[in-house]
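Have the sequence and the model open side by side. This report moves from the whole chain to a few strands and then to single residues.

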Amino acid sequence: MPLPFEHLTSAQQLSKEVVADVFAVADEMEKIWSSGKRSKLLEDKIIALLFYEPSSRTMLSFQAAVQGLSAGMELAHGRQNSSMEKGESIEDTIRMVARYSDLIVMRHPEAGSADKAASVSHVPFINAGDGGNQHPTQSLLDLYTIKKEKGSLDGLHVAFACDPLHSRTIRSLALALSQYNDIRFTFISPDSLRASSDMITELKNNSVSVEESTDLSVGLDTDILYMNRLQEERFEDHKEFEKYRDQYVLTADMLKGKDTLVMDPLPRVDEIATDVDDLPNAVYFDQARNGVLVRMALMAMLLGKA
Ligand code: CP
């Protein structure tokens, strides 16, 4: 199934048609992955994984996806180990890596770095997170998880907590979900961490009903409560992070009698107590596993192999 783009840099590229096509291929990847065997689909391809900002799930699930499809892999992990540390530009790095590989995946701390990279890449490029801006492959795995758990992406009330101002996963998922029918969002945060007015305007333009609250309990009666840690690394004033770090902690007691689905892109820091993990509401570890499947699907599709 061909995709209508060569590079994936933002969630706005994930039209309903693209999402449905990626899901169909991810379902096939699930069969391969759960069989314990490897596909030879990308055995003649080399994938470059460039991670210039910390990552566990995204980097490791891309590695698992590369290995599940038998591709070769190049890994640059940590800015301090790369020539970016010597002052090489993003563009020159990508021009060079594109000569070594068939597809590039990059995480970088600078918002907008993905667009810079894609603009010079002559091989398919995937944004694995660019600063506080976007994380579109996280959106794909979030949508895939929601579809599996809820059966539909329409008619959902989703609450997003705790840091909509800085969270690229919240921004990307909200934008990707906003195209579906009858969508309602509640953003939960301290006043100073409210979602940007630009994003709220874009969501309202897509006919999404948007509410804001400072009270975590309003998220307990929604279809999905999407938790995300305070993004410590993006606070200009660390005292502000310390002030709010314990303000929102979801516990098993709070979820008694509630059937809201609890999602979190992880890593978990303070925002979900570990006693939530065993509740049927909690899907965040399965959510992380789904990352392997959608990333296998996406790479295979961008390389014209699925
Ligand atoms: N969800 C996510 O992006 O996790 P990592 O930062 O560990 O990749």
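The text below covers the overall fold, the paired strands, two buried residues and some unusual backbone spots.

**The whole chain**

This is a predicted model. The protein chain holds nine helices and nine strands. Its radius of gyration is 19 Å, close to the 19 Å that the globule rule gives for 306 residues, so the chain is as compact as a globular protein of that length. Taken along the principal axes, the C-alpha atoms fill a box of roughly 50 × 45 × 40 Å.

How much of the chain is buried? Buried residues account for 55% of the 306 residues. The accessible surface comes to about 12700 Å², and carbon and sulfur atoms hold 46% of that surface.

The contacts reach far along the sequence. Take those between residues at least 6 apart: 72% of them join residues at least 24 apart.

Charge is the last of the overall values. The chain carries 32 positive and 47 negative charges. The mean positions of the two sets are 4 Å apart.

**Strand β5 and its partners**

Start with β5, which spans residues 157-161. The strand is mostly covered, with five of its five residues buried. In a regular strand the side chains alternate between the two faces of the sheet. In β5, H157, A159 and A161 point one way. V158 and F160 point the other way. Residues on both sides are buried.

Which strands pair with β5? One is β6, residues 184-188, which runs parallel to β5 and is joined to it by five bridges. Another is β8, also parallel to β5, with four bridges. A159 is a handy marker for both pairings. Its bridge partner in β6 is T186. In β8, A159 stands opposite L225.

Strand β8 covers residues 224-227. Both of its faces are covered too: I224 and Y226 are buried on one side, L225 and M227 on the other. β8 also pairs with β9 in the parallel sense, over three bridges. There, I224 of β8 has L261 of β9 as its bridge partner.

**Two buried residues**

L153 sits just ahead of β5 in sequence, in the loop between α5 (136-150) and β5 (157-161). Is this loop residue buried or exposed? At 7% relative accessibility, L153 counts as buried, because the cut-off for buried is under 20%. Beyond its neighbours within four places in sequence, L153 is in contact with V19, F23, L143, I146, K147, L177, Y180 and I183. T137 is 16 residues away from L153 along the chain, and their C-alpha atoms are separated by 17 Å.

S113 lies in helix α4, residues 113-120. S113 has 0% relative accessibility and so counts as buried. Which residues does S113 touch, leaving out those up to four places away in sequence? They are I90, M106, H108 and D130.

**Unusual backbone spots**

Two cis peptide bonds deserve a look. The bond from A161 to C162 is cis, with omega near 20°. A161 is one of the buried residues of β5, while C162 lies in the loop between β5 and α6 (168-177). The other cis bond joins L266 and P267, with omega about 10°. P267 is in the loop between β9 (261-263) and α9 (284-302).

L266 appears again for its phi angle. The table sets it beside S207.

| Residue | Phi | Relative accessible area |
|---|---|---|
| S207 | about 65° | 65% |
| L266 | about 65° | 10% |

Neither S207 nor L266 is a glycine, yet each has a positive phi. S207 lies in the loop between α7 (197-205) and β7 (209-213). L266 lies in the loop between β9 and α9.

Why does S207 count as exposed? Its relative accessible area is 65%, and exposed means over 50%. L266 falls under the 20% cut-off at 10%, so L266 is buried.

**Where to look again**

Return to A159 to tie the strands together. From A159 you can step to T186 in β6 or to L225 in β8. From β8, the pairing continues into β9. Then follow the chain on to L266, in the loop between β9 and α9, where the cis bond to P267 sits.

Terms used. Residues numbered from 1 in each chain as written. Predicted model: local features only at pLDDT ≥ 70, side-chain atom pairs only at ≥ 80, totals over all residues. Heavy atoms only, no water. Rg over C-alpha atoms; globule rule 2.2 N^0.38 Å. Buried < 20%, exposed > 50% of the residue type's maximum accessible area, 1.4 Å probe, protein only. Contact = heavy atoms within 4.5 Å. Areas by Shrake-Rupley, 256 points an atom, 1.4 Å probe, with all protein chains shown as cover. Lys, Arg positive; Asp, Glu negative; His and termini not counted. Charge placed at Lys NZ, Arg CZ, Asp CG, Glu CD. Pairing = 2+ DSSP bridges.
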